[in-house]
Amino acid sequence: MKVMIDLCVVPVGVGTSVSAYVTACQRVLQDAGLTHQMHAYGTDIEGEWDEVFAAVKRCHEVVHEMGAVRISSSMRIGTRTDRDQTMDDKINSVKAQLKKT
């Protein structure tokens with residue numbers, strides 16, 4: 001099953017800047033070969049369910065390996081069965097509507 005998620009991984013107790021941890025998770029997603037797009041407060045990821053959630057698990061493992069004792073993550077998950085749709089499809093649909101008004 002295809003899935004799109006919006007993932008935000010927050011290591012707790014590591015100081016103010018979390019960019020090193022975000023970078024590590026981005027590398028996990030790249031290594032997994034998943035389509036993803038980082039934004040200011042998380043990352044959108046698309047792919048097959050098992051591959052996406054294996055990468056989420058790996059992000060947690062890597063951040064713990066970096067010394068974070070606690071991690072708080074949030075996810076929004078979307079699936080659909082009526083047709084294939086990508087993140088770009090969703091964005092382009094809104095952009096097309098904006099041009100009409």
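Here is a friendly exchange about the predicted model shown above.

Colleague: Happy to start with the overview: in what order do the elements of the protein run from the N terminus on?

Modeller: The secondary structure of this predicted model comes to three helices and four strands. Read from the N terminus on, these elements run β-α-β-β-α-β-α.

Colleague: Thanks! Which residues does the UniProt annotation "domain: Thiamine-binding protein" cover?

Modeller: That label comes from an unreviewed UniProt entry. In the model, the annotated span is 44% helix and 31% strand, and its end C-alpha atoms lie 20 Å apart. The residues covered are 6-95.

Colleague: What share of contacts in the protein between residues at least 6 apart in sequence join residues at least 24 apart?

Modeller: For scale, the C-alpha trace spans about 50 × 30 × 20 Å along its principal axes, and buried residues make up 28% of the 101 residues. Of the contacts between residues at least 6 apart in sequence, the share joining residues at least 24 apart is 72%.

Colleague: Now the helix pair: is helix 1 parallel, perpendicular or oblique to helix 2?

Modeller: Two packed helices are described by the angle between their axes and the distance between the axes. Here the axes of helix 1 (residues 19-32) and helix 2 (residues 49-65) come within 9 Å and cross at roughly 140°. Because of that angle, the orientation of helix 1 to helix 2 is oblique.

Colleague: And is the crossing of helix 1 with helix 2 left-handed or right-handed, and how many nonpolar residues does the contact have?

Modeller: Helix 1 passes helix 2 in a right-handed crossing. Helix 1 contributes Tyr-21, Ala-24, Cys-25, Val-28, Leu-29 and Ala-32, while helix 2 brings Ala-55, Arg-58, Cys-59, Val-62 and Val-63. By class, the contact has one charged residue, no polar ones, and a nonpolar count of ten.

Colleague: Good to know. Does Gln-30 count as buried or exposed?

Modeller: Gln-30 has its place in helix 1. Its C-alpha is 9.7 Å from that of Ala-55, and the two are 25 residues apart in sequence. The relative accessibility of Gln-30 is 52%, so this residue counts as exposed.

Colleague: One last pick, if I may: which residues does Gly-42 touch, not counting those up to four places away in sequence?

Modeller: Gly-42 sits in strand 3 (residues 42-48), and because its relative accessibility is 14%, Gly-42 counts as buried. Asp-31 is eleven residues from Gly-42 in sequence, and their C-alpha atoms are 18 Å apart. Leaving out residues up to four places away, Gly-42 touches Asp-6, Leu-7, Cys-8 and Gln-37.

Conventions: Residues are numbered from 1 along each chain as its sequence is written. This is a predicted model: local features need pLDDT of at least 70, side-chain atom pairs count only at pLDDT 80 or more; totals for chains, interfaces and linings use all residues. Side-chain values use heavy atoms; hydrogens and water are left out. UniProt positions are given in the numbering used here, feature names are shortened, and annotations may be inferred rather than shown by experiment. Helices (H or I, at least four residues) and strands (E, at least two) are DSSP runs, numbered from the N terminus. Axes are lines fitted to C-alpha atoms, for helices over the stretch in contact, and angles run from 0 to 180 degrees between N-to-C directions. Angles under 35 degrees count as roughly parallel, over 145 as roughly antiparallel, 65 to 115 as roughly perpendicular and the rest as oblique. A crossing is left-handed if the near helix is turned anticlockwise from the far one by less than a right angle, and right-handed if clockwise. Contact means heavy atoms within 4.5 Å. Ala, Val, Leu, Ile, Met, Phe, Trp, Tyr, Cys and Pro count as nonpolar, Asp, Glu, Lys and Arg as charged, and the others, Gly among them, as polar. Buried means under 20% relative accessible area, exposed over 50%, partly exposed in between (1.4 Å probe, protein chains only).
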